[in-house]
Amino acid sequence: MSKKEEFKSWSLEYTDYDPKKEKSRETLLAVGNGYLGTRGVLPETTASDTNYPGTYIAGLYNRLISKVADRDIENEDFVNIPNWLFINFRIEKGDWFDINGVEIISIKRHLNFANGLLETNLIVKDRTGRKTKISSKIVASMANPHLVAIQYKIKPLNYSGQIEIKSEIDGNIINDGVTRYRDLNQQHLNPVAEGDDNEISWLQVKTTQSEIEIAEAVKHSVYKNKNLVDVEVSKTNSSGKISTGFKINLNENEEVTIEKIVAIFTSKNDDVKEPLKSSIDLAKTAGTFDSIVKESDVEWKKIWNKIDIQIEGDPKSQMLVRLHLYHLMVTASPNNIDIDAGIPARGLHGEAYRGHIFWDELYILPLYNLFFPDVAKSILNYRYQRIEKAREYAKEYGYKGAMFPWQSGSDGREETQTIHLNPISGKWGDDYSSLQRHISIAIAYNTWYYFQVTNDVEFMENGGAELFLEICRFWASKSVRDKSTGRFSISKVMGPDEFHEEHKASPGGGVKDNAYTNIMVVWLFIKAFEILEKLPENSNKKITGKINLTSDEVKKWETISKKLNIPISEEGIIEQFDGYFDLKELDWDAYGKKYENIYRLDRILKAEGKSPDDYKLAKQADTLMTFYNLDEEDISSILKNSGHKIPADYLEKNYNYYLNRTSHGSTLSRVVHSYLANLFGNKEEGNKLYFEALESDFTDIQGGTTAEGIHAGVMGGTVLMVITSFAGVNLKKENLTINPALPKNWYSLKFNFRFKNNHYFIELTQSQLIIEINSEISDSVEIDFSNKKILLPTNKKSIIDY
């Protein structure tokens, strides 16, 4: 990128082609609409070490068994559906164009966040000296999520001759986007049917195990110098692939344009019953490329009117915040209201983590609560629809209530492996990753947060409260009383840290009394009491009756909430888990000098024959994550009610203690530490960590992981922090609270959102708050601003100096 082009506020641009970076760029140039996402590849490319085409549909998975050593290992994967994008050309029956085998004179790729249009302009020279201009525009319609399209242009610049073009839809592909999965079975598609008529062609495939039909129908139009023309057309269909060929003679500086309109449907339960018929019908009636872009543009404008965040004074942050907002909409948009899917940790952009849903939604859904609450509700309903599986999972391990899986896919079963093969020893060992039971905390937290922001009583009556209470019931059943101390403990868990997989205090794996888990469990019980009080009496009785929740059981929750063990040192340091303080200190300076990158210290230590379980270290915020979720005053209240005396500066003390023992092996880590540093006034460190998090996918900070998909959690978290940390908006109280702390180089910040049935329009400068509250139910609204209560009139602007 040139310096002038690097930080355009509404677009991402690349003006070079770097084979080492292409897969990461393809992720960041992706187009999508919530129903599907397509990686932003050059259309002439196929899967290779340099490029990786991929299109993924929300909630579309397939399960396969692979032979690993002497065992059958089952995995469920996010399916890469047939490649609809491919178009290529050749000159005078020569070699087909290969971006990796020609001289690139110039290249410019431009992703427009405002309307989701990806444009590429390329001038190349082949071995004979012929120069060709290649232009393309790619769009996934936000107006009709089943439509995708490409406009492809070729112009000879210094020659005349015959141009042959081939356009394909290829279903003979495998999942091949993650190198470490390549030894596993990745053949997810079987061909079903191919066909064509005078107007369109179509391909139908089916997933091998889940038996989901996927149909893609395509219509082509050809233009010469912008005029629709008839050209020589050939159609070739083979098992799993359809191909359309065009031949046209062009003089120097004449241009041919191919428009490829593709309709995609599946037989998923939330899609259609006859995907082939639906795709053919839509392809036949779809408009031109320009009309599809125009209709999509209208919907994107509606979206940006709700989600846009305007930053004056910092072009780089402005571009990156919009980049993150854009990719969140690619992953989950208003189109997702009727889609049965969660938010994959790596978006609809790649195959990392097999497209599974983890706890990352904790960083993402609070944003959707503000802009698209119906989408947030749909994603919560994805969990509620799988509550029976969570009950079965809890029962399998001897617990009550609902225990949700660490990794979730199609049906809500645990997708995490419980054993792993050591590649060095060749022996199988236990994998304790599934003990990250805090996923259930994240689901309950998101349920409460949605209710807090929206006041959606109907949702709580129709599943939300049941979801929350059954998770509380699970944690109560997992809490065991120590007769010698009278306190309750929770063992066999892993905290967000992930580096500590087992400790002697927790036989059977995991750790005992993880502070994040225990504090959040107490908070869950407290909120359960509040939810039961807020619901109408009839609804309360109906829900508690449905799940057979008695007053005696609720009283036990209250007892546990006051007696759950949360160890704290005399200095006020909350112990990450029972026994953590007895672990060895790591020589961080020595490891920093010895290794270029120590983000994944667990792998480094294991390679040295050591165990991360023996050291005071963390992949990401663990104990500190509690302060990201909850207000400090709420945590203080929980600790005091548990009988602890805590110093006034205990947040800062805990921050400094754990920051010095954290490797930031997750991109989420910087989000949390930045938020906390800003919270207690360390703006310099907070801003440094924030901007590292903000650009983590843009710079591929982890050295290649962006190639496998975006990091949706960090994208959501960094956008949310603009509102909650820099604008200082607190949504966790009854009244909206605003305590602004803009970075020095942000001259102004502007955004809008909905909170408790009112629509807030906020503009902040370094010295003023300009606020308008639109309300249909009240003439005035009280807010807390800079620790003062202020009554503001509704439906007019108010200006407050600070």
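A residue is called buried here when its relative accessible area is under 20%. With that in hand, welcome to a predicted model of a chain holding 21 helices and 32 strands. Its radius of gyration is 27 Å, close to the 28 Å that the globule rule gives for 802 residues, so the chain is as compact as a globular protein of that length.

**The chain as a whole**
- Along the principal axes, the C-alpha atoms occupy a box of roughly 90 × 70 × 60 Å.
- Of the 802 residues, 61% are buried.
- The exposed area comes to about 31200 Å², and carbon and sulfur atoms supply 45% of that area.
- Among contacts with a separation of 6 or more, 68% link residues that are 24 or more positions apart.

**Helix H10**
- Helix H10 spans residues 457-478, and 17 of its 22 residues are buried, which leaves the helix mostly covered.
- Follow the helix along and you will meet a kink of about 60 degrees, centred on Gly-463.
- At the N-terminal end of H10, Asp-456 acts as the cap, with a side-chain oxygen 3.3 Å from the backbone nitrogen of Glu-458.

**The S17-S18 hairpin**
- Strands S17 (residues 232-238) and S18 (residues 241-250) are antiparallel partners, joined by seven bridges.
- One of the pairings to look for sets Asn-237 against Ile-242 in S18.
- Two residues lie between the strands of this hairpin, and Gly-240 has a positive phi near 80 degrees.

**Thr-266 in strand S19**
- Thr-266 belongs to strand S19, which covers residues 256-266.
- Its relative accessibility is 0%, so Thr-266 counts as buried.
- The Thr-266 side chain comes to 3.1 Å from the backbone nitrogen of Lys-268.
- Beyond its neighbours within four places in sequence, Thr-266 touches residues including Tyr-35, Ile-57, Leu-60, Ile-212 and Ile-214. Asp-271, Val-272 and Pro-275 are also among its contacts.

**A four-stranded open sheet**
- Four strands form an open sheet in the order S25-S26-S30-S31, and their pairing is mixed.
- Strands S25 (729-730) and S31 (788-793) are at the edges; each has a single partner strand, so one side of each is left without a neighbour in the sheet.
- S25 runs antiparallel to S26 (residues 737-738), and two bridges connect them.
- In this pairing, Val-729 sits opposite Ile-738 of S26.

Methods. Residues numbered from 1 in each chain as written. Heavy atoms only, no water. Pairing = 2+ DSSP bridges. Buried < 20%, exposed > 50% of the residue type's maximum accessible area, 1.4 Å probe, protein only. Polar contact = N/O pair within 3.5 Å; in protein donor to acceptor, adjacent residues only side chain to side chain. Contact = heavy atoms within 4.5 Å. Bend = angle between axes of the 7 residues up to and from the residue. Rg over C-alpha atoms; globule rule 2.2 N^0.38 Å. Areas by Shrake-Rupley, 256 points an atom, 1.4 Å probe, with all protein chains shown as cover.
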